[in-house]
Every structure is written in C-alpha cells, then in structure tokens.
Amino acid sequence: MNNAEVHMTTMPLKRRVTLSAVPGLHWLLVIIPALYMLLLTFFPILKIMKLGVHNGESYTFQYILQVFTTPVYVKVVLYTFNVSLIATIASLLFGYPIAYTLYQMKSEKWKRVMLALIMIPFWISVLIRTFTWVIMLQDTGPINSILKGLGLIDEPLHLLYSMTGNVVGMVHYLFPYMVLCIYSVMQGIDQRLLQAAEGMGARPWKVFRDVLFPLSIPGVVAGVLICFVFSLGFFITSVILGGPKDMMISNLIANFINVTLNWHLAAALSIILLASTIILILVPILIFRNHSAIKGVM
C-alpha cells in the first residue's frame, strides 16, 4: 500500500449536512405560514366580521336580522344561491362528458392537446374573458348572428346583461375546475374493471352506469363543492355580464363598503355568506361520510 492510499484511508469522511438535519426546521416551516395566515388573513377577517355583530357599544344581531327582514337583501341572497346552483349544474353537465372523453382517449398526444385547451382559461385574465363574452352575447354578436343565419330565431336573443349572460360567464370560469376534478379521479380507475364488466356481457351504457360512474363520484362531489363555493363569491362577472336585477352578494357588499359606507351591513352579509358556505360544505360531508365511493375525499 503506497502513501497516497494510506492517506486516503485515514481521512475522516465528511458528513453531508442537509436541511432535514437541522433541529426544529420542520416545525418552523409550519409555524411561519401559520403566523402569516393568522396575522394577514384571519385576524383582519375577524375584525371586519365583528362589525356585523357589534354596534360600537355592545354585541347585537340587529344587522344580521336586518338582512333577513329586508326583502331586497333577501332577494339578492336567494338570487346568488340560485345562480350559483345553476352554474354548478351546468358546469357538471358540460364537464363530465369532457372528462369521460379524456379518460377514454387512447392517444397521449391528443389527450395533452385537449388538456391544454381546457387549461387555456387559467392563462387569461378573468376581466379579458368576461369582456370577450360581452362581444359574443350582444344583440349583434356572433351567437345571435349565427342563430339568425340558421333561421332559428327572427329577433336577437337578449343574452347580455341578464341572468343568462351571468351564468355563461360563470360556467366559462368554473368549467376547467369541474373537468380536472372528475378527470383526476377517473384516471385512478382501473380499466380492467371495465374490461371485466364487458367480458361478462355488460353493454357499454351499463358498464358506465354500474362501474365507471359510481367510482367517479368522488370527483363529482369535489367538483360540485369547489364550483358552488367559487360561484357564491363571483363579483366581476355579475357586474359586467349581469343586469341591474342580477346583483349578487359580493356586489351588495362592495356597494355597502364603497357607496353607502355601511360597514355593519357589509360585515353582516359577509358572515351570512361565510356561514352558508361552511354549512353547504359540511352537510354533504356528514350525509355521505360513510358512503364507500367518497371515503377517499372526505
């Protein structure tokens, strides 16, 4: 053994120091984001919501009761939930077939192309997308022109500044979320189950009804919850595409804060919106928590 080999064998091995070896680092990575959320998100929200149950001297429910006893405010709340439900159902009706088509595609190339087309709305500003629908939905826009050219209508349909325009803009925004939620669950379904059902003589529609659809329910539940919760907070879409009668809760809150300067009623509406959202999320969880098809998401 020469001197160089002896020197190499007697050299101590250097320990590689990694971030995971730093004591307490994993707790620090949890504490810092938690403090950030508490200081810059939860505390300001709680402080604003306090205005909905506090008149400056004592706690009171007069502002929340005022919302439920004023017909105009009740109408806005009901309209918001109605439009959100319609937009969510429409997103599901359009999104499920697209997700199913993606699942059935054999070509990876065309599957990537289709996913890219679905993701395009995420890369475009909500404001730009909404103003695009202003052009599409107006009386002299492409949609009415095509329908008149085909002889399906004699007079232009009033799609803009209405509930229809509002729903169309919302569905355009929500559609990718619904597709991705359902498709991500479908991807985890073993196709051998479908092949086994077909091998036992089941027709394609029965395979879908008895095998694929029940297994895709977790994606449907996740998509519906995400889309409905997003719908409740829509602001820009209803301002641009909706009419004067199509005011949603978020628009009313903005009006109280910026125009009438009634922060107490704005906070009361915020409390109602937050409480409704939490209830709407918890109710399906409590009802379906023991359902075998959705144990993976709840």
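User: What share of the contacts with a separation of 6 or more in this protein comes from residues 24 or more positions apart?

Analyst: That share is 70%. Bear in mind that you're looking at a predicted model. For an example of such a pair, take V220 and L92, which sit 128 residues apart in sequence, yet their C-alpha atoms are 7.7 Å apart.

User: How do you know that V220 touches L92, and what else does V220 touch?

Analyst: A contact calls for heavy atoms within 4.5 Å. Leaving out residues up to four places away in sequence, V220 has such contacts with L92, Y96 and I182. As for its place in the chain, V220 belongs to helix 11.

User: Is V220 buried or exposed, and what makes it so?

Analyst: Its relative accessible area is 13%. Buried means under 20%, so V220 is called buried.

User: And P204, is that one buried or exposed?

Analyst: The cut-off for exposed is over 50%. P204 has a relative accessible area of 63%, so it counts as exposed. You'll find P204 in helix 10. Its C-alpha is 9.0 Å from that of L194, and the two are 10 residues apart in sequence.

User: How much of the protein is buried overall?

Analyst: Of its 298 residues, 33% are buried.

User: What kinds of elements does the protein have, and how many?

Analyst: It has 14 helices and 0 strands. Read from the N terminus, the order is simply α after α to the end.

User: What makes the largest nonpolar core a core, and which residues touch the most other members?

Analyst: Members must be buried, come from a set of residue types that includes Ile and Met, and be joined through side-chain atoms within 4.5 Å. The largest such set has 30 residues, and I182 and M186 touch the most other members. Two or more residues each come from helix 4 (71–104), helix 5 (108–119), helix 8 (163–187), helix 9 (191–199), helix 10 (204–215) and helix 11 (217–232). Helix 8 has the largest share, at 10 residues. There's also another core apart from this one, with 19 residues, including I64, L232, L269 and L273.

User: Which residues does M186 contact, beyond its neighbours in sequence?

Analyst: Once neighbours within four places are set aside, M186 is in contact with Y96, A99, Y100, Y103 and S216.

User: What does UniProt say about residues 84–103, and how helical is that part of the model?

Analyst: The unreviewed UniProt entry annotates 84–103 as a "transmembrane region", one of several such ranges, and 211–241 is among them. That label may be inferred rather than shown by experiment. In the model, residues 84–103 are 100% helix and 0% strand, with end C-alpha atoms 27 Å apart. Residues 211–241 come out at 87% helix and 0% strand, with 40 Å between the end C-alpha atoms.

User: What is in the lining of the largest pocket, by class?

Analyst: The lining has 11 nonpolar, 3 polar and no charged residues. The pocket's volume is about 300 Å³, and of its 14 lining residues, I45, M49, S270, L273 and L274 are the closest to the centre. Helix 2 (25–50), helix 11, helix 13 (249–258) and helix 14 (263–288) each give at least two lining residues, and helix 14 gives the most, with 6.

User: How do the residues of the second largest pocket divide by class?

Analyst: They're 10 nonpolar, no polar and no charged. Those nearest the centre are V221, V224, L225, L280 and P284. Val, Leu and Pro count as nonpolar, so these five fit that class. This pocket holds about 190 Å³ of space, and helix 11 and helix 14 each supply at least two residues of its lining.

User: Why is the third space called a cavity and not a pocket?

Analyst: In a cavity a 1.4 Å probe fits but cannot get out, whereas a pocket is open. The structure holds 1 cavity of 30 Å³ or more. The largest cavity has a volume of about 60 Å³, so it clears that size limit.

User: Which residues line the largest cavity, and which helix gives the most?

Analyst: The lining is V126, R129, T130, W133, G169, H172, Y173, T237 and L241. Helix 6 gives the most, with 4 residues; helix 8 and helix 12 (236–241) are also among those supplying at least two. By class, the split is 4 nonpolar, 4 polar and 1 charged. Arg counts as charged, so R129 is the charged one.

Notes
Residues numbered from 1 in each chain as written. Predicted model: local features only at pLDDT ≥ 70, side-chain atom pairs only at ≥ 80, totals over all residues. Heavy atoms only, no water. Buried < 20%, exposed > 50% of the residue type's maximum accessible area, 1.4 Å probe, protein only. 1 Å grid on protein atoms, 1.4 Å probe; cavity = no way out; pocket = protein on both sides within 12 Å on 5 of 7 lines; lining within 4 Å.
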